[in-house]
Amino acid sequence: MAQRRRRSKIVSVRGKRPINIDIVFFGAVAVYICVICYMAMNSEHIAGYEVNAGSLSVNHTYTGFAVRREQVYSADTSGYVSYYAREGERVSGSSLVYTIDEKGEINAQIRQNAESVDLTDENFSALRGSIRSYINEYDSMEFSKVYDFQTSLSGAVMDLMNQNMLDSLENTGEDSMFSRVYAEDIGILEYYTDGYEDVTVESLTEEMLDPSSCEKQNLKKELVQAGEQIYKLSLSEKWSLVVPLTEEEAAGFQQEERKFMEVEFARDHTTAWAEFSVIHVGSIPCARLDFNNSMVRFADLRYIEVEFQVEDETGLKIPNTSIVEKDFYLVPRKFLVENEGGRGFMKEVYDENGQASVVFVDMTLYYEDEENYYIDPKESDSVTGQIKMPIGTFLVEPDSQERFQIGTGCTLQGVYNINKGFTQFRQISILYQNEEFALVEEGTSYGLTVYDRIVLNGEAVDEDEVIYK
């Protein structure tokens with residue numbers, strides 16, 4: 001019997017694949033980068049800002065309501081009107097303002113004669129001189145002067161026409177239906193009304209401070225009825241300008257105890273001094289400017305734009321985004337204790353048996369005024385983590401044993417200083433502020449100094465938050 005062939009039992013074992021170290025390494029790096037990116041996108045970046053000294057450009061341009069002593073005059077008879085004095089001109093009792101022709105015949109004759117004005121060489125020379133002077137002083141950046149020149153030139157031509165018309169009057173003779181009207185007083189002539197001629201500083205209302213409430217009515221007409229208003233006079237060089245202010249501006253001027261103010265008029269860039277005071281029109285604080293001159297240049301305006309000539313304050317310039325508000329407890333100054341342990345207060349504590357005793361607790365002082373120190377309600381002990389001065393705590397004055405209970409609070413404006421790598425609140429006193437920056441007082445106790453580092457976005461952090469690790 002043939003020997004059976006022996007079968008060999010061979011079992012195939014699949015070997016384990018070796019670990020690819022490169023893939024593991026780069027995978028871990030990828031996960032780490034993803035985590036870092038996620039944390040960066042979901043956490044607010046804390047940026048710093050270096051405090052520097054400087055000034056803040058503050059807009060001191062205002063629009064004020066002009067209060068003048070004005071008188072409106074009406075026509076005595078009906079008829080056709082010819083005007084002989086121009087607006088803005090100073091007139092007196094001998095100045096012919098207008099004529100009235102009840103039939104219109106003489107008025108038509110005067111107008112016809114006035115159309116042909118014979119200019120002398122002297123007249124032409126004066127007009128050419130005015131034009132040449134304007135061309136030499138022309139500035140493309142001050143286009144408003146074009147209108148001033150136009151008004152001046154029109155006035156010169158008007159004077160020539162008036163003279164021709166006056167000559168024509170001599171040839172008309174006397175006519176009971178034709179009358180000459182002279183100025184009834186001395187003043188600056190205007191041919192408009194706005195309904196505010198009788199307003200005084202005392203009778204001024206909040207609505208009148210709004211320029212949109214004013215509607216001018218032109219008094220110049222070809223035909224008037226008896227009793228209709230026909231011209232007005234501004235009777236005195238003494239006049240006032242009432243300028244609306246913000247509460248902060250009014251408080252600042254009152255603190256300065258300012259008595260006089262120099263202003264620049266936007267219309268012609270001239271300056272003038274005025275007596276200055278702060279008043280209220282209704283609930284609106286206003287600056288009252290009392291002038292003794294310059295009225296003649298603005299008799300045609302009810303609302304006048306001026307710029308106060310005040311020096312810009314200097315101090316420490318910080319961004320508005322850094323400013324925060326923080327709550328504090330107030331503690332009377334007499335309770336402060338200074339010893340080797342620092343500055344703090346004697347706190348009343350009780351043992352297990354209810355026996356009272358006092359211990360010294362050092363506290364950070366954030367600000368002080370004439371009566372109180374300001375302490376942080378959330379300041380905690382670095383060892384126990386407990387709040388040092390919870391509300392209701394009693395403090396004891398060492399000398400008199402007088403007690404004071406913690407609880408009275410207030411709010412201060414400030415910024416977070418990060419010079420030491422963590423946030424520390426510093427109180428600020430704002431001098432001026434615009435939309436982007438604030439100018440704060442330099443050299444205040446518990447405040448800022450030049451080159452301090454502060455948090456740019458103050459609302460993003462809290463007290464004692466570590467910034468640099």
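## A buried tryptophan and the basis of the model

W239 counts as buried, because its relative accessibility is 3%. The term buried stands for under 20% relative accessible area, exposed for over 50%, and partly exposed for values in between, with a 1.4 Å probe and protein chains only.

The structure is a predicted model, in which local features need pLDDT of at least 70 and side-chain atom pairs count only at pLDDT 80 or more, while totals for chains, interfaces and linings use all residues. Residues are numbered from 1 along each chain as its sequence is written, and side-chain values use heavy atoms, with hydrogens and water left out.

## The chain as a whole

The chain contains five helices and 32 strands. These elements are DSSP runs numbered from the N terminus (helices: H or I, at least four residues; strands: E, at least two). Of its 469 residues, 36% count as buried. The area exposed by the chain is about 29100 Å², and carbon and sulfur atoms supply 48% of that area. Accessible areas come from the Shrake-Rupley method with a 1.4 Å probe, and for residues only the protein chains shown count as cover.

Contacts (heavy atoms within 4.5 Å) often join positions far apart in sequence: among those with a separation of 6 or more, 74% are between residues 24 or more positions apart.

## Aromatic pairs

There are 20 aromatic pairs in the structure. Rings of Phe, Tyr and Trp (its six-membered ring) pair if their centres lie within 6.5 Å; planes under 30 degrees apart count as stacked, over 60 as edge-to-face and the rest as tilted. One of the pairs, W239 with F265, is stacked, with 6.5 Å from centre to centre and 25° between the planes. W239 belongs to strand β14 (residues 239–244) and F265 to strand β15 (residues 260–265), so this pair ties together parts that are 26 residues apart in sequence. Like W239, which is buried, F265 is buried, and its relative accessible area is 0%.

Y416 and F425 form an edge-to-face pair, with 6.1 Å from centre to centre and 75° between the planes. Both rings belong to buried residues: Y416 has 6% relative accessibility and F425 has 1%. In addition, ring pairs join Y62, F253, F276 and F308 into a cluster.

## Salt bridges

The structure has 20 salt bridges, each defined as a side-chain nitrogen of Lys or Arg within 4 Å of a carboxyl oxygen of Asp or Glu. In the bridge between D194 and R302, the closest N and O atoms are 2.7 Å apart. This pair links distant parts of the chain, 108 residues apart: D194 is in the loop between β10 (192–193) and β11 (217–218), and R302 is in the loop between β17 (284–291) and β18 (303–308). D194 is buried at 8% relative accessible area, and R302 is buried at 2%.

E197 forms a salt bridge with K232, whose closest N and O atoms are 3.0 Å apart. E197 lies in the loop between β10 and β11 and K232 in strand β13 (residues 229–234), so the pair ties together parts that are 35 residues apart in sequence. E197 and K232 are both buried.

Another salt bridge joins the side chains of R343 and E338 at 3.8 Å, N to O. R343 is partly exposed, with a relative accessible area of 32%, whereas E338 is exposed, with 59%. Shared partners connect the salt bridges of R68, E70, D194, E197, K232 and R302 into one network.

## The surroundings of N320

N320 is located in the loop between β19 (314–319) and β20 (324–332). This residue counts as buried, because its relative accessibility is 19%. Leaving aside residues up to four places away in sequence, N320 touches Q433, N434, E435, E436, F437 and A438.

Two of these neighbours place backbone atoms by polar atoms of the N320 side chain: the backbone oxygen of E435 lies 3.2 Å from one such atom, and the backbone nitrogen of A438 lies 3.5 Å from one.

## A nonpolar patch on the surface

F25, F26, V29, Y32 and I33 make a nonpolar surface patch of about 540 Å². Patches are made of residues with over 30% relative accessible area and no salt bridge; like charges are joined within 9 Å, and nonpolar side chains (Val, Leu, Ile, Met, Phe, Trp, Tyr) within 5 Å. F25, one of the patch residues, is found in helix α1, which spans residues 21–42.

Conventions. Polar contact = N/O pair within 3.5 Å; in protein donor to acceptor, adjacent residues only side chain to side chain.
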